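Here are a few exercises to work through with the coordinates open. Try each task before you read its solution.

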Amino acid sequence: MRKSNEKLRILLKRSLLLFSANILLFFILIGRLYYLQIYQGEKYALLADSNRLSTRLLVPPRGSINDRNGVELATNIQNFQALLIAEQTRGNTDSILKEITPILALSDKDIARIKKDISRHRRFVPVKVKDNLSWEEVATLMINNYRWPGLVIDQGLIRYYPFGKYTAHPLGYVGSVSEKDLQNSDAPLLQVPGFKIGKSGFEKTYDESLRGTEGILKYEVNAYGRIMREIEKIDGLKGTDLDLTIDIRLQQAAYDAFGDESGAAVVLDVHTGEILAFVSAPAFDANLFVDGISVKNWNNLLYNEKTPLTDKAVSGQYSPGSTFKIAVALAALEAGIIDEKTTYNCTGRMKLGNHLFHCWRHYGHGKQDLIEAIKNSCDIYFYEVALELGIEKIAAMSRRLGLGQTYDLGLENQKAGVIPDRQWKQEKFKAPWQQGETVIAGIGQGYVLVTPVQLATMLARVVNGGYAVTPTFIKNNNAAPPSLNLKPEHIELVKKGMFEVVNGTGGTATRAKLNNPNVKIGGKTGTTQVRRISLKERAEGIKKDEDLPWKYRNHAWFMAYAPHDKPRYAVAVIVEHGRSGAGVAAPIASKILEEAIKLDIR
Amino acid sequence: MAIAYNQNQELSLKERFFNLNFVFIFILILLAAIGCLTLYSAAGGKLTPWALNQGIRFGLGIGVMLVAAMIRPEFYYKIAPLFYFFTLFLLLVVDIAGHTGMGAQRWINLGFFKLQPSELMKLAIVLQLARYFSNTSYEEIRTIRGIIIPLIIVAVPVAFIMIQPDLGTSLMVLFCATALFYLAGVQWWKFAAALGAVAAAAPVLWHFLHDYQKNRILTFLDPERDPQGAGYHIIQAKIALGSGGAWGKGFLSGTQSHLNFLPEKHTDFIFTMFSEEFGMAGGVVILLLNLILISYGYWFAFRIHNANYFGKMVILGLNTNYFLYVFINVAMVIGLLPVVGIPLPLISYGGTVIISVMASFGIMQSFYVNRDRELKK
């Protein structure tokens, strides 16, 4: 009995101990609850919120780009997408796809892609069936919508360039955000899938102001990422519109004037420097780039010998040829080397040391004064003038007239061209300047390089009475441009010369006359050699430029202004490998000025 | 008026019924009600698919408990060996050709009911050990020879459960049995020696664990090790619980639960869901109710006739079993123990556990209603 009592005693004793242990363990649990829920409660409350709350950036509409009359050159259009939500098709995904295939013209490849997308995403995630639906497609899908549960039509905005190739230069285009873009900017919008940013031209330069401010959508998601409800929505702000000085009507006329030729044209308002038309031909349809250009289209553009991707108006550098004679004439007049009566006798050649320089006209022009020399584009006259003037004065006048520099146009790849002088040659070639180089510089050959926009600026500065206007795409109501202090009678002389080029009997560009008999224009041709015809080719019978392959032919310049008596517009036209300024470039410039006069651009 | 019981006098069914502890039963109903409420919320404010089912099962459980409580204690003493061997046989069946679920073989499909022999074994081991210790003298229990048989009684089924594999249940059975050895008077140093042996063998045992079991332990030790995989449950459970704060987010408003961040919210992790919606206050209520229930268990063991050693052992064993359920479940969902798949009885959704726990409460009550008489062996 004692033994049995001992057994019972130890049972009771130990059960009390066990009970105490149980109570203790329960209070450990309660202590843990206190620790997690009270002590660390706030931390976990935040974690719970970050679990369930998600935000999405709302892409604001991109600012539009307008011409001077408010016509939209770059805008946003509705883009309709057909989406399929697998979860809502009640298992009929396959038959729905089959039914809509003829409506949307889906290929087998599309179907395979859609099915793959469906299998890869959660069933409530909308999968893209087709992008950029036409109105007919949208209408057909909408009418029959009840038959296809789970098929939804979503609309977004997509960048659109209504004038396509006409505005590809200088507008540029938008495209998808690249890795490099992400490295350069931490703007949150760039992270949004499908977001587009400016890739070239004004779309790139003014990207940040065009982009706008993002909106925010705050919503609740469950553990699988499904959106349960919308909590807060803050709308974004549309980007700032960009108003350009371009007149799209003139722009189109100028582009079309090139036909199949490759080249560039810049039209300026001579008093303000506003760029009214800015053409680099051929161009490309910027809309091709918005959704990602196909490899085939890209290669067509990239390997085209007419370089549609290059903006020749600012990055094409060409010898100015005879158009440069205007700058040389003004420099010489200012220096007092010549006046209107000064004459030189053109025999077709000029000897300097033991080198012979030729006039373009083999048999020479005879006795020439300044106006005749410009009208006939006599080379000998300007050889002589240049030789007396020296390169430094030519260079100084060229720079005053706007050559040899870039402008704040908001365009990349702008080239400064070359206005050579002694210092330039010393730095570049470590060699002293040669007199012969001054001679050929006098007719705009040799080292001299200009871009079309520079040449248009030069002409504008001359014909506006000698005011240093600056080319610009943005309307500026700035104070009047500074005077270049050119003597009005000097300007009148070169203008007279340019008038004679077009209107004088036997002028070099009489074909440039406008059809409108009430408006007279003035201008100057230029032809620049791309490659000398070699002795071997001469031996093979190739004597004239047009016998050469296209890419070796001469470039053709024509710069012109109108109206002659009260100039408003200045245009510089280059036609690559156009052979002759008078024959190819002059008619284009003439068409452009004719249109400008007709439009009476304000 | 005090009813004078003649010692050892058999009680009528009516007397036995009124001898039931109704406060105990009331607390059971309270806990089950909390369970149904939470399951209603877990289903997003719907009775289906869980709350109603659970209610029906609990009703069934009450019936099972009443029947078990009305059965005379002698019956349990008598069938203990038979029940033990029968359950062992069932375990063998499951091991050999059991139904496959969650990668482990644990059930016998009876068509209307999935029988989990390991649940039965918890009862069977308690009964069989209690029977053994009640028939063994204190001196013998204190010898090595005296604990060889009970060790075998425990070791064989634990091994069977282990290879299912069901680490949680086998550990629970082991702990429960340890408690009984302890209560029977086995010396401290023997436990220390056993613990030392296990510690020494741990590297070998580790080798025998399944990968998913190793993962669970490693993940428990460092949830960040695998935040998207196994650690996800622990991290999300902690967030759910912690974000509940003092008073909770409100009924039907637990974001972690309703947005499905919380895994297994209607089964193993139901305590977390309740604590997210009712805060620390709610969690403490559940724990205290369970503590009261367990205290009643100790009270029953203390209260019944001192000559009924078998009854005391059974009550303490089953009570400890229930304690282990609650403690392990809560400790694992609040990150104090590895996630081993032990439900919270009466609250977690699941039929087997409710029935087996209610049956064990019934057996405890059976001893309690016959508290004033000896056990007739």
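Before we start: two strands count as paired if DSSP finds at least two bridges between them. Keep in mind that this is a predicted model.

**Exercise 1.** Find out which strands pair with strand 19 of chain A, and in which sense.

*Solution.* Step one: locate strand 19 of chain A, residues 569-575. Step two: look for its bridges. Strand 11 (residues 263-269) of chain A pairs with strand 19 in the antiparallel sense, over 7 bridges. Within that pairing, A:Ala265 sits opposite A:Val573. Strand 18 (residues 555-562) of chain A is also an antiparallel partner of strand 19, again with 7 bridges. Here A:Trp557 has A:Ile574 as its bridge partner. Step three: check the connection. Strands 18 and 19 of chain A make a hairpin, with 6 residues between them.

**Exercise 2.** Sort the residues of strand 19 of chain A by the way they point, and decide whether they are buried or exposed.

*Solution.* Start with the general rule: side chains in a regular strand alternate between the two faces of the sheet. Now apply it. A:Tyr569, A:Val571, A:Val573 and A:Val575 point one way, while A:Ala570, A:Ala572 and A:Ile574 point the other. For burial, the cut-off is 20 or more other C-beta atoms within 10 Å of a residue's own. By that test, 7 of the 7 residues in strand 19 of chain A are buried.

**Exercise 3.** Work out where the largest nonpolar core lies, and why it lies there.

*Solution.* First, the core itself: it has 133 residues, and those with the most contacts inside it are A:Ala265, A:Val266, A:Val267, A:Val571 and A:Ile592. Next, the contributors: helix 23 (residues 581-599) of chain A gives the most, 9 residues. Domain 1 (56-243) and domain 2 (248-283 + 314-599) of chain A both supply residues, so this core lies between them. To zoom in, take A:Val266: setting aside neighbours within four places in sequence, its contacts include A:Ile275, A:Phe278, A:Pro452 and A:Val571. Apart from this core lies another, of 120 residues, B:Leu127 and B:Tyr309 among them.

**Exercise 4.** Describe the side of chain B that touches chain A.

*Solution.* Count first: 40 residues of chain B are in contact with 36 residues of chain A. Then ask who supplies them. Helix 13 (270-303) of chain B is among the elements giving two or more residues, and its 10 residues are the largest share. Last, classify this side of chain B: 25 nonpolar, 12 polar and 3 charged residues.

Key. Residues are numbered from 1 along each chain as its sequence is written. Chains are lettered from A and ligands numbered from 1 in the order in which they are written. This is a predicted model: local features need pLDDT of at least 70, side-chain atom pairs count only at pLDDT 80 or more; totals for chains, interfaces and linings use all residues. A residue is buried if 20 or more other C-beta atoms lie within 10 Å of its own, exposed if 12 or fewer, and partly exposed in between; C-beta atoms are placed from the backbone. Helices (H or I, at least four residues) and strands (E, at least two) are DSSP runs, numbered from the N terminus. A nonpolar core is a set of buried Ala, Val, Leu, Ile, Met, Phe, Trp, Tyr and Cys residues joined through C-beta atoms within 7 Å. Domain bounds come from an automatic or database domain assignment. Two residues are in contact if their C-beta atoms, placed from the backbone, lie within 7 Å. Ala, Val, Leu, Ile, Met, Phe, Trp, Tyr, Cys and Pro count as nonpolar, Asp, Glu, Lys and Arg as charged, and the others, Gly among them, as polar.
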